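Got the viewer open? Let's take a short walk around one sheet, picking out a piece at a time.

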Amino acid sequence: MQQNGSSGSNGSDGCSRERQSLSFSPLPAATTRVRRFIQERRTLPLPRVMVVFSAAGDTEKPSDAMSSSDSAEDDFRKPASPSPNLTLSKPLRSPLNAQEQEFPEVISLNVGGTYFTTRLSTLRRYEDTMLAAMFSGRHYIPRDAEGRYFIDRDGTYFGDILNFLREGELPHRDQVRAVHREAQYYSIGPLLDSLEDIQPLTGEKVRQAFLDLLPYYKDNLERIVEIAKLRAMQKKARFAKLKICVYKEEMPITPYERPLFNSLRFERSDSEAKLFEHHCEVDVSFGPWEAVADVYDLLHCIVSDLAERGITAEQQCIGVCDKHLINHYYCKRPIYEFKITWW
């Protein structure tokens, strides 16, 4: 009995010692918790996992999210590695023109269907031109089926452009205006300066300086065209006639004052000046202006500008405006009849 009692006491003492050993264990609480789960054969709780969908559109199966305790411990111990399906952000394509394009020394060109052959140095003659920029290697230039570099431009006067780049040769007078337009397109400054110093562009500068004195000139030119077109369509006629007044001086005159008109200057008050204000009974009126150029010079400008637009115009003086203003003063502005022919 005593033996049994002693054994019972020993058992109780062993349990108390075991409890004391467990309660005073120096191991961390987390490790004790893991061992307890292993002894009871329970699976550890899985760590929280964030599911990331790959760019390729692949998704993981639901069964993959649940794993055994061994795999869970491995995942718990090892750091997560990026999925092979995930791709880092990369440029979509390599940048264009990463390297400058190289050109041969001899260049074959197709300018609007006209073929030319020249040296690369000729096209690069002046740095600040469109051709030098095109063949600098920094820009893409398309080619035709034969491999020629293609420029989508009328090639009629491109030969004159090349002749200037080669030897400084200027075009014939009849082609100056057309070559000037091409030089503007290709931004060839030296050629533009050379062309503007010869006829007919030099004369155009002088003429334009005169027309700048008449700010209404372009508007009146449009009125002539519109009125003539409307009258021809209404009458179903091949031509139309307009009355146009062209006068240089603003002050009215009489036949007695005409010899002294060039040196005579009228000084009137504002009230008197209103007595002389009137509008001649014409379709379009030009004037006044202060310049050496006279009425006939302006008439020439009107006819030539209409011809530039493909409109044939003839003019003749049919009299003067004889409207009586005050006392012995009459208008006396010359009136011209313009005949506009449409076909």
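Start by selecting Leu-109 and Tyr-149: Tyr-149, in β3, is the bridge partner of Leu-109. This is a predicted model, where local features need pLDDT of at least 70, side-chain atom pairs count only at pLDDT 80 or more, and totals for chains, interfaces and linings use all residues. Residues are numbered from 1 along each chain as its sequence is written, and side-chain values use heavy atoms, with hydrogens and water left out.

Now show all of β1, residues 106-111, which pairs with β3 in the parallel sense over three bridges. (Strands are DSSP runs of E, at least two residues, and helices are runs of H or I, at least four, numbered from the N terminus; two strands pair if DSSP finds at least two bridges between them.)

Go back to Leu-109 and add Phe-116: this residue of β2 stands opposite Leu-109. Here β1 and β2 run antiparallel, joined by six bridges. Next, click Gly-112 in their hairpin, which has two residues between the strands; Gly-112 takes a positive phi near 60 degrees.

Zoom out, and you have an open sheet of three strands in the order β2-β1-β3, with mixed pairing. Its edge strands, β2 (114-119) and β3 (149-151), each pair on one side only.

Last stop: select residues 158-167. That's helix α7, lying across β1 and β2 and running at about 10 degrees to β2. (Contact means heavy atoms within 4.5 Å; axes are lines fitted to C-alpha atoms, for helices over the stretch in contact, with angles from 0 to 180 degrees between N-to-C directions.)
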